[in-house]
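Visitor: I am new to reading protein structures, and I would like a close look at one part of this one. Could you take me into the nonpolar interior, and then show me how the parts around the chain are put together?

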Amino acid sequence: MSVRALRKVLQQQEESANNHTADDDSESESESDSDSRPFINPFDLLNEQDQEQENDSSDVDTSSKAKKEDNVNKIIATNFSSSNQKSKKKKKKKNKELSSKIDEDPLDIILEDLSFGVDSSGGQREPSKTKPENVNGSGKRSQPHILQVDPRFLSADNELRRIFGSKVVSSFERSHQAGSSRQSRSGRRVNHSYRKTIIISPSEHWPRWDGSLSMELLEHKDGCNYFRYVHSYTYSLAQRQFEAAQATHDLNGIANILLHHPYHIDSLITLSEYYKHSGDLQMSADATAKALYALECAWHPLFTPLQVNCQLKYEHDTNKPFFTTLFAHMKNMDRRGCHRSALEICKLLISLDSDDPTGALFCIDYFSLRAEEYKWLERFSEEYTGDNSIWLYPNFTYSLSICRFYLEREEQLKETETKATSSDLMEQALMLYPSVVRKLVDKVPLKEQVWSKIVNHSYFRKDETGSASLDHLISIYVEKSYLIWRLPELHNFLKDAALLVIEKMDINQSEARDWACVRKEAFASDKNEYSHLMVSDFSDSTPTIPPEHLQNFMVDPRLVEMHDNANQENVGGVAVAHPPREVANRNPLAVLFESMLPWVHYGTRVENNLPQDIED
């Protein structure tokens, strides 16, 4: 390639660059001129170079060839940049947006897509062309934004990564997957495309969702959509089989149902309870998660529970398994130490039914304190409109004083000038519910000598308050939150407040009578209004039954009858009545489950011969 041709090409490229950088008014004209001009292919110059080299002498230095190749590459680059200069200007802003999206964390992008209008702070995002947050047309009922669920904290795996680090969790998952893959190596591996869910991440060994459950929209009232689960025909048949197996307490029949209907909710719940009482907590959690995954796959397209605009009433029988499964999943999160995930599940339980059928209000304060969400707990106590007497519950009176105690230690709040201090709140809690102290001393336990002086005082001596409802709630609170009081700072905090209360009671006894009147007005009913809530459901300990007692639930009653008939024939054909089973010195929980079996006999009850017309 000659120097003259090279200069000619460079001059043409300079002219085309000047035409592209002209004013916007003449841009279209310059584009038309550039289009009309014939395009010079730089590779044609290479062909001309070859022809010139053939005619010229063959002894050309290799260094000149390298320089010429570099010049050609520069020409190609300048030609390419000038021809695409306009497209680069148009796509410059778009490329910046794409690069900014690439720099973001892909996990945050996924969670942001799944948030359904909920931002990271727990509030609702304001769309550009929509109405404000409060969509309540009548203004009669307004859902508090404090109950909106943050989907980023629903995953227990994400919380474990925040606590222990990604490397520790990833290594544990790899070891667990290696063990499971060795076990399933003999079986056939089938890859399924699972549905995208928010609460549960499906496991690889789970079967595909069969679509046997669905959800229907009942009505739209006061800005909320009311839903109900619906059973298909095949699911109804499986439900009848389950009820028949449940009537005879036959777990073999329930296991047979799961072979043909792997996502039958009641069967999975029963299997989860069996594994829990047998001590296999991992299998129990897996069955609960599978049931919750099936319930989540059946959600209606308009069912958006994270936005606190949906209601799933517990009064419908088809909705009850969802609350049972969600409550069991919340307990599993607490058992794994994922208290923030348990808090989000607890908020979801309260938002779905304002009647709170599972008693989530009596453990949400515990999860808030364990997750160190102190400011959120104060906001919840102030903004929650579901029950006006929330401050009078024993769990909130004590937990709010603990919340204020930690907030005062963390930072100097401006609100402390108008709000009561943590010491004042604790003194009020002790004067309102003094029976909590004795139960905490026995449950924690608190073994210092000063506690014997406190519990032996006349004001803290009583174990009962005289109200069945209040005593039940106090038992639930102590069973759920006693672990918090093992911290040394809270231990001393409670001790100092109790000693101050004793001094006040010794000086003025009238104040004790005032607080007694408050208790009586808050819990005026003589009946236990919370009898549907079992204290064991709020316990962190899991009762187990020995395997020899669990075998009774796996026996078909017909086999028992055949065994009894064989024993009678061995006696010579004479029917021998089997003695009733003994209940002394046995596991009370095993006796309770065994008493439900129709073939178990404990003898007849001896009653006094009273007239039939006399009633208690």
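Guide: Happily! The largest nonpolar core has 114 residues, and those with the most contacts inside it are F380, L430 and W485. Please keep in mind that this is a predicted model. Let us begin with F380. Setting aside residues up to four places away in sequence, F380 touches I146, L147, I350, L361, I364, I390 and F396. If you look for those names along the sequence and then in the 3D view, you can see who gathers around F380. There is also another core lying apart from the largest one, and this other core has six residues, including A238, A245, I254 and I257.

Now let us step back to the whole chain for a moment. The chain contains 26 helices and three strands. Of its 616 residues, 38% count as buried. Looking at contacts between residues at least 6 apart in sequence, 72% of them join residues at least 24 apart.

A good residue for making this concrete is I454, which you will find in helix α20, residues 449–455. Is I454 buried or exposed? I454 counts as buried because its relative accessibility is 0%, and the cut-off for buried is under 20%. Who are its partners? Leaving out neighbours within four places in sequence, I454 is in contact with V437, F460, K495, A498, L499 and I502. Take L499 from that list: I454 and L499 are 45 residues apart along the chain, yet their C-alpha atoms are separated by 7.2 Å.

Next, let us see how two helices meet. Helix α18 covers residues 422–432 and helix α23 covers residues 510–522; their axes come within 9 Å and cross at roughly 75°. That crossing makes α18 roughly perpendicular to α23, because angles of 65 to 115 degrees count that way. On the α18 side, the residues that meet α23 are Q428, M431 and L432, and on the α23 side they are E511, W515, V518 and R519. Sorted by class, this contact has four nonpolar, one polar and two charged residues.

Finally, come and look at the strands. They make an open sheet of three strands in the order β1-β2-β3, with mixed pairing. The edge strands are β1 and β3, as each of these pairs on one side only. Where does the mixture come from? Strand β1, residues 213–221, runs antiparallel to strand β2, residues 224–231, and eight bridges join them. Strand β3, residues 310–311, runs parallel to β2, and two bridges join that pair.

You can follow the β1 and β2 pairing residue by residue. S214 stands opposite V230 in β2, L217 stands opposite F227, and E219 stands opposite Y226. Between the two strands there are two residues, so to speak the bend of a hairpin formed by β1 and β2. In that turn, D222 has a positive phi of about 55°. On the β3 side, N225 stands opposite C310.

To retrace the tour, start again at F380, L430 and W485 in the largest nonpolar core, move to buried I454, visit the crossing of α18 and α23, and end at the sheet of β1, β2 and β3.

Technical notes: Residues are numbered from 1 along each chain as its sequence is written. This is a predicted model: local features need pLDDT of at least 70, side-chain atom pairs count only at pLDDT 80 or more; totals for chains, interfaces and linings use all residues. Side-chain values use heavy atoms; hydrogens and water are left out. Axes are lines fitted to C-alpha atoms, for helices over the stretch in contact, and angles run from 0 to 180 degrees between N-to-C directions. Helices (H or I, at least four residues) and strands (E, at least two) are DSSP runs, numbered from the N terminus. Angles under 35 degrees count as roughly parallel, over 145 as roughly antiparallel, 65 to 115 as roughly perpendicular and the rest as oblique. Contact means heavy atoms within 4.5 Å. Ala, Val, Leu, Ile, Met, Phe, Trp, Tyr, Cys and Pro count as nonpolar, Asp, Glu, Lys and Arg as charged, and the others, Gly among them, as polar. Two strands pair if DSSP finds at least two bridges between them. A nonpolar core is a set of buried Ala, Val, Leu, Ile, Met, Phe, Trp, Tyr and Cys residues joined through side-chain atoms within 4.5 Å. Buried means under 20% relative accessible area, exposed over 50%, partly exposed in between (1.4 Å probe, protein chains only).
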